[in-house]
Amino acid sequence: MRKDYLDTYQHKGFRKRLVELLRTKGITDEIVLEAINTIPRHFFLDSAFDKIAYEDRAFEIGANQTISQPYTVAYQSQLLQVKKNDKVLEIGTGSVYQSSVLAEMGAWVYTIERQKKLYDEQKNYYLRPKYPNIKFFYGDGFQGLPAYAPFDKIIITAAAPMIPPKLIEQLKVGGMMVIPLNEGDIQRMLRITKMADGSIQQESFEAFSFVPMLTGKQD
Ligand code: SAH
């Protein structure tokens, strides 16, 4: 647990450096970079991580899960081409960092987590009052949220064994899904666009490494 939620000049300086690093790695979407520059990533980690919270790496957050690497979060957010007021479904809430980036970009975020322990912790998420545009759900991401469909965008933040058909159903025509799809031991980042006839178009990007997307809920 954190002792305090102070965002000091030193933290702000670390964030600026992280944003510059992400630029050199090829992130160009200014709205994504501004969101990363705004959100205190150290709030999502134990106080012990304060000095390293802005390194471009993933961290364990308990329950065998991770807070994704900033480059990965920026990369997926950029591919998603988020517009203000987009309705976005996220699979894998985890630390809520990716959800917060999308919320800061002006999206309405519907995020699902399959682990009860993580979902319960998200109730105490410190920035929750700042982002009333994030709605939290406990459930299995393979099922999506039919009651809230269709979505403009869908982002999967765990390694998917296949393209979940129910999620394609819940995507608007012209909508896009960003999904790290298993390819051997790594995942290939795909962007899928739903066409007017219900078929999908796929674009293929860099390889990444995620924790697995698992079926069913966990108490
Ligand atoms: N977006 C998160 C990444 C967390 S890691 C962040 O920014 O921190 C991936 C998360 O996906 C884990 O919390 C894991 O429990 C969750 N997950 C895995 N399979 C899932 C599924 N089928 N439905 C919902 N969440 C799932």
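This is a guided tour of a predicted model, going from the whole chain to single residues that can be selected in turn.

**The whole protein**

Begin with the complete chain in a cartoon view, where six helices and nine strands can be traced. The radius of gyration is 16 Å, close to the 17 Å that the globule rule gives for 219 residues, so the protein is as compact as a globular protein of that length. Along the principal axes, the C-alpha atoms fill a box of roughly 50 × 40 × 35 Å. If you colour by burial, 52% of the 219 residues count as buried. Among contacts with a separation of 6 or more, 55% are made by residues 24 or more positions apart.

Switching to a surface view shows an accessible area of about 10,300 Å², of which carbon and sulfur atoms hold 54%. Colouring the charges gives 28 positive and 26 negative ones, and the mean positions of these two sets lie 4 Å apart.

**The largest nonpolar core**

Next, select Leu 22, Ile 27, Ile 36, Phe 44, Tyr 97, Val 101 and Leu 102, which touch the most other members of the largest nonpolar core, a set of 45 residues. Helix 1 (9-24), helix 2 (30-38), helix 3, helix 4 and strand 5 each supply at least two residues of this core, and helix 3 gives the most, with five residues. A second, separate core of 21 residues can be displayed beside it in another colour, and Tyr 110, Ile 112, Ala 160 and Ile 168 are among its members.

**Helix 4 and its two ends**

Now move to helix 4, which covers residues 97-104. How many of the residues of helix 4 are buried? Seven of its eight residues are, and the helix is therefore described as mostly covered. The buried ones are Tyr 97, Gln 98, Ser 99, Ser 100, Val 101, Leu 102 and Ala 103. Pick out Val 101 and show what surrounds it: leaving aside residues up to four places away in sequence, Val 101 touches Ala 35, Ile 36, Ile 39, Val 73 and Ser 77.

Stepping back to the loop between strand 3 and helix 4, you come to Val 96. Its phi is near 75 degrees, a positive value in a residue other than glycine, and with 2% relative accessibility Val 96 counts as buried. Beyond the other end, helix 4 is followed by Gly 106, whose phi is also positive, near 100 degrees.

**Around strand 3**

Select Asn 85 next, in the loop between helix 3 (70-79) and strand 3 (87-91). Asn 85 is not a glycine, yet it has a positive phi of about 75 degrees. From there, go on to Lys 87 in strand 3, which is partly exposed, with a relative accessible area of 22%. Apart from residues up to four places away in sequence, Lys 87 touches Trp 108, Tyr 110, Tyr 148, Ala 149, Pro 150, Phe 151, Asp 152 and Lys 153.

Two of these contacts of Lys 87, Ala 149 and Pro 150, deserve a separate stop, as a cis peptide bond joins Ala 149 and Pro 150, with omega at about 0 degrees. Pro 150 itself is in the loop between strand 5 (134-138) and strand 6 (151-156).

**Tyr 138 in strand 5**

Follow strand 5 to Tyr 138. Is Tyr 138 buried or partly exposed? At 22% relative accessibility, Tyr 138 counts as partly exposed, because buried means under 20%. Beyond residues up to four places away in sequence, Tyr 138 touches Ile 112, Glu 113, Arg 114, Gln 115, Lys 116, Tyr 119, Lys 217, Gln 218 and Asp 219.

**Met 189 in strand 8**

Finish in strand 8 (residues 186-194), where Met 189 is found. Its relative accessibility is 0%, and Met 189 counts as buried. Draw a distance to Phe 205, which is 16 residues away along the chain, and the two C-alpha atoms are separated by 5.2 Å. With neighbours within four places in sequence left aside, the residues in contact with Met 189 include Tyr 75, Gln 76 and Leu 79, then Val 178, Ile 179 and Pro 180, and also Glu 203, Ser 204, Phe 205 and Glu 206.

Definitions and conventions:
Residues numbered from 1 in each chain as written. Predicted model: local features only at pLDDT ≥ 70, side-chain atom pairs only at ≥ 80, totals over all residues. Heavy atoms only, no water. Helix = DSSP H or I, 4+ residues; strand = E, 2+ residues; numbered from the N terminus. Rg over C-alpha atoms; globule rule 2.2 N^0.38 Å. Buried < 20%, exposed > 50% of the residue type's maximum accessible area, 1.4 Å probe, protein only. Contact = heavy atoms within 4.5 Å. Areas by Shrake-Rupley, 256 points an atom, 1.4 Å probe, with all protein chains shown as cover. Lys, Arg positive; Asp, Glu negative; His and termini not counted. Charge placed at Lys NZ, Arg CZ, Asp CG, Glu CD. Core = buried A, V, L, I, M, F, W, Y, C linked by side-chain atoms within 4.5 Å.
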